[in-house]
Amino acid sequence: QVQLVESGGGLVQAGGSLRLSCAFSGRTFSTFGLGWFRQAPGKEREFVAGITWNGGSTTYADSVKGRFTISRDNGQNTVYLQMDSLKPEDTAVYYCAATNRISIRTNADYWGQGTQVTVSS
């Protein structure tokens, strides 16, 4: 069974940066699309970024485009989310997700436990 373990969350000031990591295990990493989602208090979980199985294509929510970068290392079975120019509204629990279907945005089948990101103003 697929297991996803996030790390790298924490407290950062507005304008700062964080890099989240997600370690994948249990299946063949290079056959899965991957993504990051987030959920702020009192809000629904939302899509943040996605990357295809070979890293050839990435997608981003409009709210993070130009500030966040998703990448993957198929040799290390890890997906990353580099977050720059962080804003207080980026505060949320961030979840890693995986799918072996088309479009991680709508077909996330496996989830990590989440990591908290808090951006202070």
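Reader: How many of the six residues of strand 8 (residues 78–83) are buried?

Author: Strand 8 is mostly covered, since five of its six residues, which run from 78 to 83, are buried. The model is a predicted one, and every statement here should be read as a statement about that model. To judge burial, one compares the relative accessible area with a cut-off, and under 20% is called buried. Thr-78, whose place is in strand 8, has a relative accessibility of 10% and therefore counts as buried.

Reader: Which strand does strand 8 join through six bridges, with the two running antiparallel?

Author: Strand 7, which covers residues 68–73, is joined to strand 8 by six bridges, and the two run antiparallel. One of the paired positions is Asp-73, whose bridge partner in strand 8 is Thr-78. These two strands form a hairpin with four residues between them, and in its turn Asn-77 has a positive phi of about 55°. Strand 8 also pairs with strand 3 (residues 18–25), again in the antiparallel sense and over six bridges. In that pairing, Leu-20 has Leu-81 of strand 8 as its bridge partner. Thr-78 can be placed against this strand by distance as well, as its C-alpha lies 6.7 Å from that of Ser-21, although the two residues are 57 apart in sequence.

Reader: In what sense do strand 4 and strand 5 pair, and over how many bridges?

Author: Strand 4 and strand 5 pair in the antiparallel sense over five bridges. Leu-34, for instance, has Ile-51 as its bridge partner in strand 5. In the hairpin that these strands make, six residues lie between the strands, and Gly-42 takes a positive phi near 75°. Strand 5 is mostly covered, with five of its six residues buried. Three bridges join strand 5 to strand 6 (residues 58–60), and these two also run antiparallel, with Ala-49 standing opposite Tyr-60 of strand 6. The hairpin of strand 5 and strand 6 has six residues between its strands, and Gly-55 in the turn has a positive phi of about 75°.

Reader: Which residues have a positive phi although they are not glycine?

Author: Two serines can be named here. Ser-85 has a positive phi of about 50° although it is not a glycine, and it is found in the loop between strand 8 and strand 9 (92–99). Ser-103, likewise not a glycine, has a positive phi of about 70°, and its place is in the loop between strand 9 and strand 10 (110–111). Partly exposed is the class between the 20% and 50% cut-offs, so Ser-85 belongs to it with a relative accessible area of 43%, and Ser-103 belongs to it at 34%.

Reader: How many aromatic pairs does the structure hold?

Author: The structure holds five aromatic pairs. To read such a pair, one takes the angle between the ring planes, and over 60 degrees the pair counts as edge-to-face. Phe-24 and Phe-32 form a tilted pair, with 5.2 Å from centre to centre and 55° between the planes. Phe-24 counts as buried because its relative accessibility is 5%, and Phe-32 is buried with a relative accessible area of 1%. Phe-37 and Phe-47 form an edge-to-face pair, at 5.5 Å centre to centre and 80° between the planes. Phe-37 lies in strand 4 and Phe-47 in strand 5, so this pair ties together parts that are 10 residues apart in sequence. Both rings belong to buried residues, with relative accessible areas of 6% for Phe-37 and 9% for Phe-47.

Reader: Which residues do ring pairs link into a cluster?

Author: Ring pairs link Phe-24, Phe-29, Phe-32 and Tyr-110 into a cluster. A ring can also have a charge sitting over it, and the ring of Phe-29 has the charged end of Arg-72 at 4.4 Å from its centre. The charged end of Arg-45 sits over the ring of Trp-111, 3.8 Å from the centre of that ring.

Reader: What volume does the largest pocket have?

Author: Rolling a probe the size of a water molecule over the atoms shows where empty space is left. The largest pocket has a volume of about 230 Å³. It is lined by 17 residues, of which Ile-51, Thr-52, Ile-102, Ser-103 and Ile-104 are the closest to its centre. The elements that give two or more residues to this lining are strand 4 (33–39) and strand 5 (46–51). By residue class, the lining divides into six nonpolar, nine polar and two charged residues.

Definitions and conventions. Residues are numbered from 1 along each chain as its sequence is written. This is a predicted model: local features need pLDDT of at least 70, side-chain atom pairs count only at pLDDT 80 or more; totals for chains, interfaces and linings use all residues. Side-chain values use heavy atoms; hydrogens and water are left out. On a 1 Å grid over the protein atoms alone, a cavity is a set of points where a 1.4 Å probe fits but cannot get out, and a pocket is an open set with protein on both sides within 12 Å along at least five of seven lines; lining residues have an atom within 4 Å of a point. Grid points are joined across faces, edges and corners, and a volume is the space filled by probe spheres set on the points. Ala, Val, Leu, Ile, Met, Phe, Trp, Tyr, Cys and Pro count as nonpolar, Asp, Glu, Lys and Arg as charged, and the others, Gly among them, as polar. Buried means under 20% relative accessible area, exposed over 50%, partly exposed in between (1.4 Å probe, protein chains only). Two strands pair if DSSP finds at least two bridges between them. Rings of Phe, Tyr and Trp (its six-membered ring) pair if their centres lie within 6.5 Å; planes under 30 degrees apart count as stacked, over 60 as edge-to-face and the rest as tilted. A charge sits over a ring if NZ of Lys or CZ of Arg is within 6 Å of the ring centre and within 35 degrees of the ring normal.
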